[in-house]
Structure formats: structure tokens, C-alpha cells
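Here are some exercises to work through with the structure on your screen. Try each task yourself before you read its solution.

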Amino acid sequence: MAADPNKLKKITEIGRSEILFSAARVPDSTRVYVGASDFKVYDFDLSQDKLEPKSFAGHDSYVTGVVLAGQNVVSCSYDGKLIWFNRESGEIVRKVDAHDKWIRGLRISPDATMLVSVADDMVCKLWDAESGKLLRELRGHEQRTPNHFPSMLYTSAISPDGKYIATADKVGHVVVWEAATGDEVTTLETPTMYTWDPKARIHSIGGVRSLAFSPDGSLLAVGGMGQVGNIDHLGALARVEIFDWRKGEQTHEFPGDEHKGLVEYLRFHPDGDWLLAAGGDNSGFIKFFDLEKKKIIHQDKAAMHVHDLVLNEALDTIYAFGHTKMAIYELKA
């Protein structure tokens, strides 16, 4: 039976003391590695009635990205480092001074040979996943916003064939790159996702927080939030825009109608049945969009502000990670 977004149901909710930023699941299992705000990577077996996770230490700040690379789990952090941990022992295999500022995210290519990191130094870096060797740097994002404040390079995505990389920043500037050469292919703009307050706070908020390529690589989904009235809060509706990136044309716009906050996660169904989005402000949300009909299939409040999701192979179980909680959802009767 196919996973049905209309049957979304929370099965369990687990409280934690940390903020859980990023997760990577071992295929065909309930074992998940999670990066947290207490500077650690946790090894959870979510099939256990009572969770007794192992923890891996080595970072000096928030762990914002986690991926699996062979026998290692690789993590990134606000401390600017990438660390390769042995998945079983937790021993540090390699530590690399990767970026000069906070690393915001880490991805791994579909063939598991290349890592992609993005950071507030506004550089995207490509690494050999096995050796840790720096392959190339991608520079196409401005260091400062148009209002002369430091910008942030929040997120990246890799196309399913591994040929293209997308990166996106605080002001809604998106760049698509050719992975093999590092050449810039095209740029896209999502300015609605960036709010500048020139009067009360003289500051800004927002930015693109999530990206995802469609299964055939033709579309690029971009997630953030709309314009904000009070930039001290994430008080705008969650927003998703989708582009035919080769043509530079927007194909879909979902400005939001209910849930507020940042879209922190995006994923296309492999057969194009839906686009999944999640995120939040003080609370959280999970949404499913019908791309053919250009409307929401189902949306619901999440257990917390969601930072990351992982799904099982059948796509009928969702593991959600976020502010001081994790939760398990099912999409079946």
C-alpha cells in the first residue's frame, strides 16, 4: 500500500534536552545518527522502548549536519570543522578545519563519494568523502547583504544524478553549479524570503533554509518563509517556490495559508506524487503538496519546530527531529 499523506499520524513523541539539528538514517534500519546543540552526535536505535544512545564528542559548538559515508559518520558544526567518526566505536578518524565561519549544513552525493558543506564564510566546499581531501570551492554568494550586514549561506542540495549542486543564502539568492567543474550554471532569486527592516530594528531575517531537486533533476524546490512584520520573530507564513531551474522559470508558488515559520526540510516523492516540507517557528509543521494540482494535499502541526526529517524506504514512516524533541509519524492506516 502506498504511503498516504492524508493518513499522517503521530505514533510517538520523545523529549530531549538538546536541539536536534540534523539526522542520517542507516538504510533498512531504525538506527539514526543525530547532530545536536550540546556539541555531540548521537547514535539512536529508534526501535528501542527505552532509548540509550551512544554519543560521539569532538566538536566545540552546535552540530548542524550529519551524513553517513561508508563506515564513518561525518558531521559539521558551528565550530567550522568537519569530523569523521567511526560509526561503531565513535572514535575520531579525521578532523578538518573546513570553514572560517559557522558551517550551516552538510550533504553527501548519491554515490557517497563527495561531501558538500556550506558556511557563513559564503563558500560551498566539495570534499572527497573517503579521504577528506578538498576537491574544489564554489564562490558565488556575496559576503554581505545589500544593506551591508554579513550574509549567511544556509543550505545546499545535490541533484539525483550527482551532476549539479544548488546553494542558497540569506537574501534569497540561489546558485546552481556543475559539480564536476565548479562552473556556475544559473542563478535564481527568491527575494520574498528575505525581510529587511530599515526602521525599527535596522536588521533582517529569513533567507532560504532548504533546497531539493526533483527525482529527474528538472525542478528545484526552495523553502523559507514570506515577508515578516516583526523581525524579532519567525512570524511569516512558511513559503515554498519551485523552479524549472534550467529555464529560470518559477513553476509553483506555495505562499502558505496556515503554519508560520521557516521551511527547513524539503523532499520530492520519487514518483512525483508529492513534495514534503517541514519546519516551524516556536511550534512546527509538516506539509504535503500536490505538484500537478498545485495545492496542499495535507498539512498538520508537528510536535516541535522541525529541523530535519528522515524517512524509511517505503516512505510510510517519518522520523522528525527538532527543538528538544523527536517524533515518529506514519502515513498509513
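At 0% relative accessibility, Cys 76 counts as buried. Keep that residue in mind for the first exercise, and remember throughout that this is a predicted model.

**Exercise 1. Cysteines**

Task: Find out how many disulfides the model has, and explain the count for Cys 76 and Cys 124.

Solution:
- Step 1. Recall the cut-off: a disulfide needs two cysteine sulfur atoms within 2.5 Å.
- Step 2. Start from Cys 76 and look for the closest cysteine sulfur. That sulfur belongs to Cys 124 and is 12 Å away, which is too far for a bond.
- Step 3. Now start from Cys 124. Its closest cysteine sulfur is the one in Cys 76, again at 12 Å and too far for a bond.
- Step 4. Check the surroundings of Cys 124 as well: with 1% relative accessibility, Cys 124 is buried.
- Result. The count is zero disulfides.

**Exercise 2. A four-stranded sheet**

Task: Work out the strand order of the open sheet that contains β9 to β12, and name its edge strands.

Solution:
- Step 1. Follow the neighbours across the sheet. The order is β9-β10-β11-β12, and the pairing is antiparallel.
- Step 2. Look for strands that pair on one side only. These are β9 (103–108) and β12 (134–138), the edge strands.
- Step 3. Add the twist, which averages 20 degrees from one strand to the next.
- Step 4. Zoom in on one pair. Five bridges join β10 (residues 114–119) and β11 (residues 124–128), in the antiparallel sense.
- Step 5. Pick out one bridge in that pair: Met 114 has Asp 128 in β11 as its partner.

**Exercise 3. The neighbours of β28**

Task: Describe how β28 pairs with β1 and with β27, and decide whether β28 is mostly covered or not.

Solution:
- Step 1. Take the β1 side. Strand β1 (residues 8–25) pairs with β28 in the antiparallel sense over eight bridges. Within this pairing, Met 326 of β28 stands opposite Ile 14.
- Step 2. Take the β27 side. Strand β27 (residues 306–311) also runs antiparallel to β28, and five bridges join them. Here Leu 309 is matched with Ala 320 of β28.
- Step 3. Look at the turn. The hairpin of β27 and β28 has five residues between its strands, and Leu 315 takes a positive phi near 60 degrees there.
- Step 4. Check the burial. Of the 15 residues in β28 (residues 317–331), eleven are buried, so the strand is mostly covered.

**Exercise 4. Salt bridges across the sequence**

Task: The whole structure has 15 salt bridges. For two of them, Arg 25 with Glu 313 and Arg 201 with Asp 232, say which parts of the chain they link.

Solution:
- Step 1. Begin with Arg 25 and Glu 313, whose closest N and O atoms are 2.8 Å apart. Arg 25 sits in strand β1 and Glu 313 in the loop between β27 and β28, so this salt bridge ties together parts 288 residues apart in sequence.
- Step 2. Compare how the two ends are covered. Arg 25 is buried at 14% relative accessible area, while Glu 313 is partly exposed at 45%.
- Step 3. Go on to Arg 201 and Asp 232, where the closest N and O atoms are 2.6 Å apart. This pair links the loop between β17 (194–197) and β18 (203–206) to the loop between β20 (219–225) and β21 (238–244), 31 residues apart.
- Step 4. Check the cover again. Arg 201 is partly exposed at 47%, and Asp 232 is partly exposed at 41%.

**Exercise 5. Two arginines and a glutamate**

Task: Find which of Arg 31 and Arg 87 forms a salt bridge with Glu 88.

Solution:
- Step 1. Recall the cut-off: the nitrogen and the carboxyl oxygen must lie within 4 Å.
- Step 2. Test Arg 31. Its side chain meets that of Glu 88 in a salt bridge of 3.1 Å, N to O. Arg 31 is in strand β2 (residues 31–36) and Glu 88 in the loop between β7 and β8, 57 residues apart.
- Step 3. Test Arg 87, found in the loop between β7 (81–86) and β8 (92–97). Arg 87 is buried and has no salt bridge; Glu 88, its nearest side chain of opposite charge, is 4.9 Å away.
- Step 4. Widen the view. Arg 31 and Glu 88 belong to a salt-bridge network with Asp 43 and Lys 54. Arg 87 touches residues including Arg 31, Asp 43 and Lys 54.
- Result. Arg 31 forms the salt bridge with Glu 88, and Arg 87 has none.

Key
Residues are numbered from 1 along each chain as its sequence is written. This is a predicted model: local features need pLDDT of at least 70, side-chain atom pairs count only at pLDDT 80 or more; totals for chains, interfaces and linings use all residues. Side-chain values use heavy atoms; hydrogens and water are left out. Two strands pair if DSSP finds at least two bridges between them. Helices (H or I, at least four residues) and strands (E, at least two) are DSSP runs, numbered from the N terminus. Axes are lines fitted to C-alpha atoms, for helices over the stretch in contact, and angles run from 0 to 180 degrees between N-to-C directions. Buried means under 20% relative accessible area, exposed over 50%, partly exposed in between (1.4 Å probe, protein chains only). Lys and Arg count as positive and Asp and Glu as negative; His and the chain ends are not counted. Contact means heavy atoms within 4.5 Å. Lists of a residue's contacts leave out its neighbours within four places in sequence.
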